[in-house]
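Reader: I would like to learn how to read contacts, burial and ring geometry from a set of coordinates. Could we work through one case step by step?

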Amino acid sequence: MRFRHLVHIVSLILVALAVPLAFTAALALVFGDGSFMAFLAATLIAAGAGLAGYRLTSLTRDLSIREGYAVVSLSWMAIGVVGAIPYLLSGTIASPVAALFESVSGFTTTGATVFGDIEALPRGILFWRALTQWIGGMGIIVLGVAILPFLGVGGMQLFQAEVPGPTPERLAPRITQTAKLLWLVYAGLTLAQVVLYLFAGMGLFDAVTHAFTTMSTGGFSTKNASIAAYDSAWIHWITIIFMYLAGINFTLHWHAVSGKPRRYLEDAEWRTYTFLMIASTVLIAAILFVRAGYADQGFERTVRDAMFQAVSISTTTGYVSADWELWPYATQMLLFLLMFVGGMAGSTAGGMKTIRFLAFHRHGVTWMRRSIHPKAVVLTRIGRKALRDDDMLDILAFALLFLVLFVAGGFALTLLGHDLVTAMGASASALGNIGPGLGDVGAVDNYGWMGPLSQDVLIGQMLAGRLEIFTVLLLFHPDLWRRR
């Protein structure tokens, strides 16, 4: 492990971060909302620290796997700290911990906020909140790999450590080309959503910011009531469609625009993901009709609200079209379970990922067949790929760590004085990068009332969830830091 290599790459990431900070500073100047100096100072800090670290260090060889993991975790921590500077200098947040919470929530696309009155914020801050989620959605490390080709082969270590999901797929021979193609699809879908929002009657600023936070499955809104503030079925359906698309593996989108749309149907994870969306919608809508008196609002509105929340929670976007805490407990329980599922591997969604639950199901069936036919050779398959026992052990290890961190986070929050429902809901929300939880951090609540220690716990949960747990936990393993 060469520490100068870590500093060198993290410094380059900070230089890259100075670009969106400078762009936001320019917009703040145009808006004239008083946040220009805060973003200018943040730009200079990011660029100055990044250039200093870059000039004082060097990269003498390609990154090792250990260095790749360390760089990714340290980079996300660094951008979280720098991203908090505009909140502090603009005076919109007084507490450094709360500012870090908002920044990390943005970059990890969690969407949990400390702000109570979002609509009172300067436009520069609102745009920065949305931009942090859009950058974090596809991953600033993937962006760095795309625009910094001189990282060489070592870039693969960054890509593997940062891209959500078990197996990032190459779309091109060089990993830099793959990162660029993923960002091209990401930007294209974002632009398409902006255009549709404009046709639906949304203003340009809101259209851009909501497209940023939809495609990143982040959920930061410019409205206190989230998407519920827009009494427009068109806006709601557009949001549902693009949340669903954002939860799909982006390599499938690339194959589709490359003339291979059948790759969706051929993908077992996509079929499972789509089935879960439909089944959840049907169950929630049925419960609302029978138990909540939703029949008065009509069939279309009931189905729309049911699908909106099912897709929003499962893709970990966290948008709200209705206060689902007022819904029957059965629907709340279903949404709580969806928090753990997440979207597809290779998407911008958080959670445990659909592929892992599909693997659990397939392996369970395989185990039963092996029990009935002990001499038969029975393989667990997902699509055309046969899962090895080592693959299943990795998936089980991840699931166990996810549940351990979920329980540990909830327990820590109860020690800090929070009730059980709020603690477990906040822990699941932060670890799954969802945003809204249960109890006092529910659909229409915020996290600003929590103390610094509680926010620190959730910051750790958000980072661990965004980086697939192992990447963060490896920082605490002594073997990562030993010289070889």
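Reader: Which residues is Met-215 in contact with, leaving aside its neighbours within four places in sequence?

Author: A contact list is read by setting sequence neighbours aside and asking what remains. In this predicted model, Met-215 is in contact with Tyr-186, Leu-189, Thr-190, Gln-193, Phe-242, Ala-246, Phe-250 and Thr-348. Met-215 itself lies in helix 9, which covers residues 204-215, and one of its partners, Ala-246, is 31 residues away in sequence although the two C-alpha atoms are 5.1 Å apart in space.

Reader: Is Met-215 buried or exposed?

Author: Burial is read from relative accessible area, and the cut-off for buried is under 20%. Met-215 has a relative accessible area of 0%, and therefore counts as buried.

Reader: Where is Thr-57 placed, and what does its side chain reach?

Author: For a polar side chain, one looks at its place in the chain and then at its partners. Thr-57 is in the loop between helix 2 (36-56) and helix 3 (65-90), and its side chain reaches the backbone oxygen of Gly-53 at 2.6 Å. A polar contact of 3.2 Å also joins the side chains of Thr-57 and His-8. Leaving aside neighbours within four places in sequence, the residues in contact with Thr-57 are Arg-4, Val-7 and His-8. Thr-57 counts as buried because its relative accessibility is 17%, with the limit set at under 20%.

Reader: How many aromatic pairs does the structure hold, and how is the geometry of one pair read?

Author: The structure holds 21 aromatic pairs. One of them is formed by Tyr-244 and Tyr-273, which are 5.3 Å apart centre to centre with 20 degrees between the planes, and this pair is stacked, since planes under 30 degrees apart count as stacked. The pair links distant parts of the chain, with Tyr-244 in helix 10 (residues 233-246) and Tyr-273 in helix 13 (residues 268-291), 29 residues apart. Both partners are buried: Tyr-244 has a relative accessibility of 19%, while the value for Tyr-273 is 0%.

Reader: Which residues do ring pairs link into a cluster?

Author: Here one follows the pairs from ring to ring. The cluster consists of Phe-23, Phe-127, Trp-134, Trp-183, Tyr-186, Phe-212 and Phe-250; Tyr-186 and Phe-250 are also among the contacts of Met-215.

Reader: Where does the charged end of Arg-123 sit?

Author: For a charge and a ring, one reads the distance to the ring centre. The charged end of Arg-123 sits over the ring of Phe-205, 4.4 Å from its centre, and Arg-356 lies over the face of Phe-398, at 3.6 Å from the ring centre.

Key:
Residues are numbered from 1 along each chain as its sequence is written. This is a predicted model: local features need pLDDT of at least 70, side-chain atom pairs count only at pLDDT 80 or more; totals for chains, interfaces and linings use all residues. Side-chain values use heavy atoms; hydrogens and water are left out. Helices (H or I, at least four residues) and strands (E, at least two) are DSSP runs, numbered from the N terminus. Buried means under 20% relative accessible area, exposed over 50%, partly exposed in between (1.4 Å probe, protein chains only). A polar contact is a pair of N or O atoms within 3.5 Å; within protein, one must be able to donate a hydrogen and the other to accept it, and residues adjacent in sequence count only if both atoms are side-chain atoms. Contact means heavy atoms within 4.5 Å. Rings of Phe, Tyr and Trp (its six-membered ring) pair if their centres lie within 6.5 Å; planes under 30 degrees apart count as stacked, over 60 as edge-to-face and the rest as tilted. A charge sits over a ring if NZ of Lys or CZ of Arg is within 6 Å of the ring centre and within 35 degrees of the ring normal.
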